[in-house]
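Here is a short tour for anyone who likes to look at charges and contacts before setting up a calculation. Have the viewer open and follow along.

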Amino acid sequence: MSTIFDKILGGEIPCHKVYEDDHVFAFLDIGPLSTGHTLVIPKERKAKLHELSDDASAAIGRVLPRLARAVMKVSGCEDYNILQNNGARAHQAVFHVHFHIIPKPNEASGLGIRWPAGSLDGTAGAALAQSLRDALA
Ligand code: AMP
């Protein structure tokens, strides 16, 4: 399914471009949580992170810290969040993989986070980690 980010990649709708290479495109978020809020997307059209190819993932990983440094320099912010939502329940609105770089200048702006931490039971944790290792094998 085509998304608004395909239209940006195709030049059909405008954006404030920040960076482009063969695999990656970055532009300013139209609804910034703080000044400098930037979106980094693969050119590969996939909705969720786990669907990305190794090449597209590596290309994003290579450039993300460099983009974060530019956002820090220009926003003057030492603190920032990288946010990457997958699925509507997880607050994804545009179904094309994207990483947000969101400067956190103060409590009032930037990303607000609710963090309802539980506690990890030792036995359940051991079983869960084993299941995950099995899933990776
Ligand atoms: P998410 O909730 O992670 O899917 O975030 C989607 C983001 O895309 C939001 O922060 C929007 O403000 C942003 N967005 C949607 N349309 C555009 C657009 N045309 N140009 C720039 N950013 C956009």
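## Around the ligand

Sixteen residues surround the ligand, and those that come nearest are D29, H91, A93, H98 and H100. Please keep in mind that this is a predicted model.

Which polar atoms face the oxygen atoms of the ligand at H91, V94 and H100? At H91 a polar backbone atom lies 2.6 Å from a ligand oxygen, and at V94 a polar backbone atom is 3.0 Å from a ligand oxygen. H100 takes part through its side chain, with an N or O atom 2.8 Å from an oxygen of the ligand. On its own the ligand has 510 Å² of accessible area, and the protein covers 83% of this.

## The overall frame

Stepping back, the protein has three helices and five strands. Read from the N terminus, their order is α-β-β-β-α-β-β-α. Along the principal axes, the C-alpha atoms fill a box of roughly 50 × 35 × 25 Å.

The protein has 137 residues, and 32% of them count as buried. Its accessible surface is about 9,100 Å², with 56% belonging to carbon and sulfur atoms. If you look at contacts with a separation of 6 or more, 52% come from residues 24 or more positions apart.

## Three salt bridges

How many salt bridges does a search of the whole structure find? The count is three. One of them joins the side chains of D6 and R45, with N to O at 3.1 Å. This pair links distant parts of the chain: D6 belongs to helix 1 (residues 4-9), while R45 sits 39 residues away in the loop between strand 3 (38-42) and helix 2 (54-75). The two partners differ in burial: D6 is buried at a relative accessible area of 13%, whereas R45 is partly exposed at 48%.

E20 has two partners to look at. Its closest approach to K17 is 2.7 Å between N and O atoms, and its closest approach to K43 is 2.8 Å, again between N and O. K43 lies in the loop between strand 3 and helix 2 and E20 in strand 1 (residues 17-20), so their salt bridge ties together parts that are 23 residues apart in sequence. Through shared partners, K17, E20 and K43 join into one network. Both E20, with a relative accessible area of 39%, and K43, with 30%, count as partly exposed.

## A lysine without a salt bridge

K104 deserves a visit of its own. You will find K104 in the loop between strand 5 (99-103) and helix 3 (122-136). Why does K104, a buried residue, have no salt bridge? The nearest side chain of opposite charge is that of E107, 4.9 Å away, and a salt bridge needs the lysine nitrogen within 4 Å of a carboxyl oxygen, so this pair does not qualify.

What does the side chain of K104 have close to a polar atom instead? The backbone oxygen of L111 lies 3.0 Å from a polar atom of that side chain. Leaving aside neighbours within four places in sequence, the contacts of K104 are C77, D79, Y80, N81, S109, G110 and L111. L111 therefore appears both in this list of contacts and as the backbone oxygen partner, a polar contact being a pair of N or O atoms within 3.5 Å.

How values were computed
Residues numbered from 1 in each chain as written. Predicted model: local features only at pLDDT ≥ 70, side-chain atom pairs only at ≥ 80, totals over all residues. Heavy atoms only, no water. Helix = DSSP H or I, 4+ residues; strand = E, 2+ residues; numbered from the N terminus. Buried < 20%, exposed > 50% of the residue type's maximum accessible area, 1.4 Å probe, protein only. Lys, Arg positive; Asp, Glu negative; His and termini not counted. Polar contact = N/O pair within 3.5 Å; in protein donor to acceptor, adjacent residues only side chain to side chain. Contact = heavy atoms within 4.5 Å. Near = heavy atom within 4 Å. Areas by Shrake-Rupley, 256 points an atom, 1.4 Å probe, with all protein chains shown as cover.
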